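Subject: Structure handover

Hello,

Here is the structure for your files. My notes on what was found in it follow below.

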Amino acid sequence: PGYLRNLLPDSAPNQPDSFQHVLDGEVAQLILEFIRLHIQAKILPGVTHWQSPNYFAYYPSNSSVAGFVGEMLSAGLNIVGFSWIASPAATELEMIVLDWLAKMLKLPEDFLSAGQGGGVIQGTASEAVLVVLLAARDKVLRRVGKDALEKLVVYASNQTHSSLQKACQIAGIHPENCRLLKATSSTNYALSPEFLSETISQDLTIGLIPFFLCATVGTTSSTAVDPLLSLGKIAKSNGMWFHVDAAYAGSACVCPEFRHYMDGVEEADSFNMNAHKWFLTNFDCSALWVKDRSALVQALSTNPEYLKNKASQANMVVDYKDWQVPLGRRFRSLKLWMVLRLYGLENLQCYIRNHIKLAKHFENLIAQDPRFEVVTPRIFSLVCFRLLPVRNNESHGNKLNHQLLDAVNSTGSAFISHTVLSGKYILRFAVGAPLTEEKHVNAAWKVLQDKATSLLAESL
Ligand code: PLP
């Protein structure tokens, strides 16, 4: 911490920096000099290399030439496409590519832009869940009266990403009415429909109003998959909005063999996947689809005089400013368009399958070493595992795995992350960087084994 403050001046320069000379003259040489002096020397030492083939932490954040070209075009054009009229191509391309992606994911037709629904690119999955929560909140309040805010209840499993909790805080949902139902190893950390039904019944008895259910396909800790069909039916029978968060695992569902994890999405009101995670699209690009776009628009639209125009007034166009929190928006669809065009569905499927194959390979390596265990069944490209505690001493086991994580990451040759499931400290190995090959997985495993050997020897 603080390393960069020692390398950079205390305040911004009064006069333009040497980049001005770059613009004036010997361009290439000066750019290289700038990179060497400033980027390589000062910035790269403080960069976590998310694109490294040895990156296995959190979830991936892919970059690709296609995504980069799209990003570059977007930066160059630098339009601010809040309304259709502010740059028609931006809105229209976004509608088209989200329809393309919806078809690749075999989303129900209700999510396509031809009907009452449609897709929109949000910056992140957190923004996606926030806007649908606001839409759902206002929809129910229109029905039951706006004084009922404190009676509204949100449901999800305790494995749901913390962005839901943040969205509830922003939306004014009473903190005690945010039900994060405990999911256990008995369901592989998926939300139990029975538990949900019971909780909803109890809440109804005391006069509360269930209005929002969030299910996840591929939870952040362990890729648990909530049973969408049964959960969706419960949501529907209680008049609740049903949101599906497939931020990470949605990408895998473009492969027919993994699409079944999304079965039941027909019941959903909204569905989200992050193209910026595992889909070769440079950050940020979070795809959100809704079945009823008017719910979003009713919650989020404003219509000031200075933005009025013929196309919007005549209701002939989509104005994405009414589907999101900010007014301004970038031309993000360019990068998704580039990715879809320059790879094509088949290459994207191969890309996903290859990572899943590498994760299976890692799982097999673990299975061959009796000192380790795989903790939850691997579904996609994340392996949750741990070094087994010595003499069944769980608290020592937790300490040991924490030390193992630190020891591996301190080498700088691989980067992994952790979670806690049922009180156990678990290591997460997420394969998904574009350049990762089997040799990188093997090398990371070797580091893990070597560090485990040293730690076990020390703890004897
Ligand atoms: N949902 C899930 C399942 C995630 O795994 C994550 C991040 O890893 C998020 C939501 C939040 O994503 P974002 O950073 O796009 O808000």
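For what comes next, a helix and a strand are in contact when heavy atoms lie within 4.5 Å. Please keep in mind that this is a predicted model.

The seven-stranded sheet

One open sheet is built from seven strands, arranged in the order β1-β7-β6-β5-β4-β2-β3, with mixed pairing. Its edges are β1 (118-122) and β3 (178-181), each of which pairs on one side only. Ignoring direction, neighbouring strands in this sheet are turned by 20° against each other on average.

Within the sheet, β6 (residues 270-274) and β7 (residues 286-290) are joined by five bridges and pair in the antiparallel sense. Met-273 has Ala-287 of β7 opposite it.

Helices on that sheet

Helix α5 (residues 125-144) lies across β1, β2 (152-157), β4 (209-216), β5 (241-245), β6 and β7. The direction of α5 is at about 160° to that of β4. Helix α8 (residues 228-237) also packs on the sheet, where it touches β4 and β5. The angle between α8 and β5 is about 155°.

Helix α5 has a helix partner as well: its axis and that of α10 (residues 293-300) come within 8 Å and cross at roughly 85°. The crossing angle therefore makes α5 roughly perpendicular to α10. On the α5 side the contact is made by Val-131, Val-132, Leu-134, Ala-135, Asp-138 and Arg-142. On the α10 side the residues are Ala-295, Leu-296, Gln-298, Ala-299 and Leu-300. Sorted by class, this contact has eight nonpolar residues, one polar residue and two charged residues.

The ligand

Which residues surround the ligand? They are Tyr-59, Thr-124, Ala-125, Ser-126, His-161, Gly-218, Thr-220, Asp-245, Ala-247, Asn-274, His-276 and Lys-277.

Three side chains in that list have a polar atom facing a ligand oxygen at a computed distance:

- Ser-126: an N or O atom of its side chain is 2.5 Å from an oxygen atom of the ligand.
- Asn-274: a polar side-chain atom lies 2.9 Å from an oxygen atom of the ligand.
- Lys-277: an N or O atom of its side chain is 3.2 Å from an oxygen atom of the ligand.

Two backbone details

The peptide bond from Phe-283 to Asp-284 is cis, and its omega is near 5°. Asp-284 belongs to the loop between α9 (275-278) and β7.

Asn-78 has a phi near 45°, which is a positive value in a residue other than glycine. Its place is the loop between α3 (65-77) and α4 (88-104).

The four-stranded sheet

Another open sheet has four strands in the order β8-β9-β11-β10, and here the pairing is antiparallel. The edge strands are β8 (372-374) and β10 (417-421), each pairing on one side only. From one strand to the next, the twist averages 40°.

Strands β9 (residues 382-387) and β11 (residues 424-430) run antiparallel and are joined by four bridges. Cys-384 has Arg-428 as its bridge partner in β11. Helix α13 (residues 394-411) packs on this sheet and touches β8, β9, β10 and β11. Its direction makes about 30° with that of β11.

Regards

Definitions and conventions: Residues numbered from 1 in each chain as written. Predicted model: local features only at pLDDT ≥ 70, side-chain atom pairs only at ≥ 80, totals over all residues. Heavy atoms only, no water. Pairing = 2+ DSSP bridges. Helix = DSSP H or I, 4+ residues; strand = E, 2+ residues; numbered from the N terminus. Axes fitted to C-alpha atoms, helices over the stretch in contact; angles between N-to-C directions. Parallel < 35°, antiparallel > 145°, perpendicular 65-115°, else oblique. Nonpolar A, V, L, I, M, F, W, Y, C, P; charged D, E, K, R; others polar. Near = heavy atom within 4 Å. Polar contact = N/O pair within 3.5 Å; in protein donor to acceptor, adjacent residues only side chain to side chain.
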